Amino acid sequence: MWNFIHRLASPPHFYRIAPRIVPWLAVPGLLLIGYGCYAGLFVAPPDYQQGDAFRIIYVHVPAAYLSMMTYMIMAVSAAIGLIWRIKLSHAVAAAAAPLGAWFTFLALATGSIWGRPMWGTWWEWGDPRLTSELIMLFVYFGYMALRAAIDDTVKADKASAVLALVGAVNVPIIHYSVYWWTSLHQGETVMKGKMDTDMLVPLLINILGFTLVFGALLLRRVRAEVLFRERRTRWVRDMVLSAAGRGT
Amino acid sequence: MSAFTMGSYGGYVWSCFAMAAVVLIICDWRARVRQRQVYRDIEVRIKALGPDNAPGEGQ
Amino acid sequence: MDGETPGLFTAVVAVARRDLLLAWKRPGDVLNPLFFFAMVATLFPLAVGPSNEQLEFSGPGVLWAAALLAMLLSLNSLFVSDFEDGSLDQMLVSPQPLPALALGKTLAHWMTSGLPLVLVSPVVALTFRMPVAVVGVLMLTLLLGTISLSLLGAIGAALTVGLHRGTALLSLLVLPFAMPVLIFGARTVSLVATGDSVAGGLYFLAAYAVLIVSIAPFATAAALRISNE
């Protein structure tokens, strides 16, 4: 087991093994999403307060959950790369960032659209989750901008790792503090009470499905990132030449 | 059919699901494009250098 | 005794004193952000119109946003001159712990940017017809908030020192972490007008400052080392 992980951390091995793992994540993930959306849209009963509009939850919550999970993945791999200097770790952090930004955007957009029939406006500054998600989107942008601004890859890895770690401490604080503030003064805008099983199951299925698909996307991005970082090495050269020689 | 209108919330609900699908498709497409681009660039550079020109190890 | 390296506290004070002296010799660095703050705060009533209610309502928010922008403006020069003249290298190899030196610089920066903002704010608040009680809370929130902003800004400045177009990047990096400060600062001041308790907001600002001060010197030091490689 440790041997497998150890070998996985070596770029050439990762490059070869990753595409074999991807289908095992993508296919079940898409199937789960398909079923989860079907059940969420047609099987789950309408909400007592929100009617059919609550069904947006089936994409909104997975997006929001993934936006935060991606950040943790980014921060943890940045830390691992910084402390143990594992190249692949930095590649994972770099590859995760755009995905995290996309999911954050999706969470914001679906949250905003959900808010329109609920609050009557496209944006509600009073809502803590929207505000803290917006902050997280900016953190992602800052991370990507910092990476882009530094030419040297090693330096960019380290600098962005520091930023990711500062954010990792801050983002939970921001998330909870904004929530705490609004709940003190404005009353909850969250859907209260336990969820019906009929409503909950598709949500869990979708969360799992989206996570698996995210895993597949991440592996593919990391693979491309690894290829880019190793582009001048011998193993890449040999691999490309032999692939060209085989006529693929 | 009520599935389409979703009790008058149809526009909101369906646009969210559509957006989710679009985001996934974009991410998939961008991953493919990036992989292809990096690979092509390497091919081009190796052919330009000539197959007998050994590169250095790593960066 | 002779030959003993100075203690931690001495080092922090020495670094802070040097920066204060430098700021004294170049008052522009201190005054520019202040002018910017005053300008924004006075332009707003001009543009929006003299309706009293509107001014009182928007005062806290506008003043806090202006203060944040002024702080961002002042952060650019935090490490740049040291980077250029080699003092940064000296700090990196000094026997004093780098986080302490970073803290010293941040302290000096706050005294030349945050503190003046706090002191000037009552004057500027006049244009918004702020009652005295509200002004007091404004100053308190600015005091607590600018401490966090200076510390956060130091991290950003350390990450972007020597980078091409570092200025915009610095703002982008600091902004997300500054947003809670802005939100709580402005809203707390608004609460005074409605008679609600401001304790919660002030506690948050204080707690946030404590959190940031426990992270920032180390993050700043790490960032300085990385940027200077």
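Here a biologist and a modeller talk through a predicted model.

Biologist: What makes the nonpolar core a core, and which residues have the most contacts inside it?

Modeller: A core is a set of buried nonpolar residues joined through C-beta atoms within 7 Å. The largest one here has 154 residues, and those with the most contacts inside it include A:Val162 and C:Ala223. Helix H4 of chain A, residues 87–119, gives the most to this core, with 17 residues.

Biologist: How do you know that H4(A) is mostly covered?

Modeller: A residue is buried if 20 or more other C-beta atoms lie within 10 Å of its own. In H4(A), 25 of the 33 residues are buried, so "mostly covered" fits.

Biologist: What span is expected for H4(A), and what does the helix reach?

Modeller: The expected span is 1.5 Å times one less than the number of residues, so the 33 residues of H4(A) give 48 Å. From its first C-alpha to its last, H4(A) reaches 47 Å, close to that value.

Biologist: Where in H4(A) does a kink lie?

Modeller: At A:Ala96, shortly before the proline A:Pro98, and the kink is about 25°. Just after the helix, A:Gly120 takes a positive phi of about 85°.

Biologist: Why is C:Ala223 said to be in contact with A:Val162?

Modeller: Contact means C-beta atoms within 7 Å, so this pair meets that cut-off. C:Ala223 is also in contact with A:Ala159.

Biologist: What does each chain give where A touches C?

Modeller: Chain A gives 23 residues and chain C gives 23 residues. The largest share of the chain A side, 14 residues, comes from H6(A). By class, that side has 18 nonpolar, 3 polar and 2 charged residues.

Definitions and conventions
Residues are numbered from 1 along each chain as its sequence is written. Chains are lettered from A and ligands numbered from 1 in the order in which they are written. This is a predicted model: local features need pLDDT of at least 70, side-chain atom pairs count only at pLDDT 80 or more; totals for chains, interfaces and linings use all residues. A residue is buried if 20 or more other C-beta atoms lie within 10 Å of its own, exposed if 12 or fewer, and partly exposed in between; C-beta atoms are placed from the backbone. Helices (H or I, at least four residues) and strands (E, at least two) are DSSP runs, numbered from the N terminus. Two residues are in contact if their C-beta atoms, placed from the backbone, lie within 7 Å. Ala, Val, Leu, Ile, Met, Phe, Trp, Tyr, Cys and Pro count as nonpolar, Asp, Glu, Lys and Arg as charged, and the others, Gly among them, as polar. The bend at a residue is the angle between axes fitted to the seven residues ending there and the seven starting there. Lists of a residue's contacts leave out its neighbours within four places in sequence.
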